[in-house]
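Colleague: Got a minute to walk me through this model? I'd like to go through it piece by piece.

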Amino acid sequence: MFDLIVIGAGPAGSAAAYTAAVSGLDVLLIEKERFPRPKPCGGAISKRALFYMDGDLPASLQENEIYGAKISYKDKSVEVVKEHRIAVLIARDQFDHYLLQKALRAGALIQRDKIHDFFEEDDFVRVYNKQRHQYRAKYLIIAEGAHGKLKYQIRGRESKDRYGFGLVAELKPSGTQTSALPKKIMEFQFGITSRGYGWIFPHKNHHSVGIYGIAREMNGAKSKLQTLCGHSGFSAGCSPKGHVIPLGWPRKKLTGKRTLLCGDAGGFVDTFSGEGIAYAIRSGQIASQKIAAALPQDDATDVTTAYEKDCREEFDDNLKYAFRFAECLRKYPDLLFSIFAGDERMIHDYLDVPAMEATYKQLFYRMLRRAFPQLPGLLRERLRVNTD
Ligand SMILES: Cc1cc2nc3c(=O)[nH]c(=O)nc-3n(C[C@H](O)[C@H](O)[C@H](O)COP(=O)(O)OP(=O)(O)OC[C@H]3O[C@@H](n4cnc5c(N)ncnc54)[C@H](O)[C@@H]3O)c2cc1C
């Protein structure tokens, strides 16, 4: 009987196992893959994620430091560079492996197995693999990511317009670009997918080129990615890897009797940007902190109530307003881009959100204020286009 079983050793699961182990809990981390394992990802670790990790990311894992962004829509683009770094780029297999090793060094145990089922009793939880081998613990954290079906015992499944999809390839620039030093900015191209974008992130030895959008609207994703590659000076013949991405809003049910959902399993992803690693790490930390605090009295209701409350308080504002931004992008892409392109300050402010120096909510209301004077002109333009 363990104090805690964590299913999945991605950023959420490893952060949960680490926090539990340093709090003195007997924790078993169960992971189906052999690490380091590949994972489709842009590899951007925001300042928010670094903050949650206490800045504890070895320099050897940091492939590039990012100071700004170039944002393009149709034939226009704006570039903003900040004085301080806003993110670092990492190789995802190595990053996740590092977090796992850190949890193991802190005292967590790892078991390579795939969990198929779990049952919540009144005072403990049983989890099973396919051969019905059983593991038991007082509490269970499910950090199985966006794939996996265990979470659906806690909350219902979503329809295809309630989750996103990302497709990514690792590419070398063709021609003269090959020898160029990695640039310090990330590129985002809007208009490729509705409620999403294409990205180019300059890693040390390759570029991560990808597209992200709502799953239901991602038909032809591979050819859209190939077009982006071709237009950006990369060879169009790429072999991309895809993965689903939950939408961070509306809020999802996070707890059973003794089970807590963390990371993508809990739906903690910024719908506008697709950023999930920071929220995965933080939700894993909060879950284990709540379990460690309540274990002496073993009051499971305290744990689940406190976890739901803290996640709401820490994440709701950002996840809700990121979703609203994504909705604006889908409905009014021209208006949104004209506000951002017409005022570099807006992009500066947007980059402050993943750096934790501003919130989506502040940015949303600032955007509405700037949109207001432009509305009559935009309406006139729309009417003129419709009557032409
Ligand atoms: C194409 C793409 C690009 C992205 N780029 C970025 C980015 O640049 N920056 C960013 O912040 N976010 C990005 N994200 C989102 C980010 O990858 C996720 O939010 C993050 O991985 C969530 O971490 P997690 O620990 O919840 O889940 P995961 O990282 O998915 O880890 C889940 C783990 O659970 C294991 N597992 C699953 N089921 C079982 C089981 N039954 N038994 C045992 N083990 C199991 C899996 O093998 C896996 O190791 C991207 C996503 C996609 C799809």
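Colleague: Start with V80. Buried or exposed?

Modeller: V80 counts as buried, at 1% relative accessibility. Buried means under 20% relative accessible area, exposed means over 50%, and partly exposed is in between, with a 1.4 Å probe and protein chains only. Keep in mind that this is a predicted model: local features need pLDDT of at least 70, side-chain atom pairs count only at pLDDT 80 or more, and totals for chains, interfaces and linings use all residues. Residues are numbered from 1 along each chain as its sequence is written, and side-chain values use heavy atoms, with hydrogens and water left out.

Colleague: Where is V80?

Modeller: V80 is in strand β6. Helices (H or I, at least four residues) and strands (E, at least two) are DSSP runs, numbered from the N terminus.

Colleague: And how far apart are V80 and L363?

Modeller: In space, 16 Å, C-alpha to C-alpha. In sequence, V80 and L363 are 283 residues apart.

Colleague: On to the ligand. How many residues surround the ligand?

Modeller: 38 residues surround the ligand. The closest are A12, E31, A44, R92 and D264. A residue is near a molecule if one of its heavy atoms lies within 4 Å of it.

Colleague: How do the shell residues divide?

Modeller: Into 17 nonpolar, 10 polar and 11 charged. Ala, Val, Leu, Ile, Met, Phe, Trp, Tyr, Cys and Pro count as nonpolar; Asp, Glu, Lys and Arg count as charged; the others, Gly among them, count as polar.

Colleague: Which polar backbone atoms does the ligand meet?

Modeller: Three contacts to list. An oxygen atom of the ligand is 3.2 Å from a polar backbone atom of P11. A ligand nitrogen is 3.0 Å from a polar backbone atom of G42. An oxygen atom of the ligand is also 3.0 Å from a polar backbone atom of I277. A polar contact here is a pair of N or O atoms within 3.5 Å.

Colleague: How much of the ligand does the protein cover?

Modeller: The protein covers 94% of the 1,000 Å² of accessible area that the ligand has on its own. Those areas come from the Shrake-Rupley method with a 1.4 Å probe.

Colleague: Which elements give two or more residues to that shell?

Modeller: Those are α1 (11-22), β2 (27-31), β12 (163-171), β16 (241-246) and α5 (277-294). By domain, the shell draws at least three residues from each of domain 1 (2-62 + 89-158 + 248-326) and domain 2 (160-245). The domain bounds come from an automatic or database domain assignment.

Colleague: Back to A12. Where is A12 found?

Modeller: In helix α1. A12 is buried, with a relative accessible area of 6%. A12 and H243 are 231 residues apart in sequence, but 17 Å apart in space, C-alpha to C-alpha.

Colleague: New topic. How many aromatic pairs does the structure hold?

Modeller: 20 aromatic pairs. Rings of Phe, Tyr and Trp (its six-membered ring) pair if their centres lie within 6.5 Å. Planes under 30 degrees apart count as stacked, over 60 as edge-to-face and the rest as tilted. One of the pairs is Y279 with F315: edge-to-face, 5.4 Å centre to centre, 85° between the planes.

Colleague: What does the Y279 and F315 pair tie together?

Modeller: Y279 lies in helix α5 and F315 in helix α6 (residues 300-331), so the pair ties together parts that are 36 residues apart in sequence. Y279 is buried, at 1% relative accessible area. F315 also counts as buried, at 1% relative accessibility.

Colleague: Backbone oddities next. Which peptide bonds are cis?

Modeller: Here are two. The bond from F35 to P36 is cis, with omega near -5°. P36 is in the loop between β2 and β3 (44-46). The bond from W249 to P250 is cis too, with omega near 0°. P250 lies in the loop between β16 and β17 (259-261).

Colleague: And what is phi for K74 and R132?

Modeller: For K74, phi is near 50°, a positive value in a residue other than glycine. K74 is in the loop between β5 (68-73) and β6 (76-81), and is exposed, with a relative accessible area of 62%. R132 has a positive phi of about 70°, although R132 is not a glycine. R132 is in the loop between β10 (125-129) and β11 (134-142). R132 is partly exposed, at 47% relative accessible area.

Definitions and conventions
A polar contact is a pair of N or O atoms within 3.5 Å; within protein, one must be able to donate a hydrogen and the other to accept it, and residues adjacent in sequence count only if both atoms are side-chain atoms.
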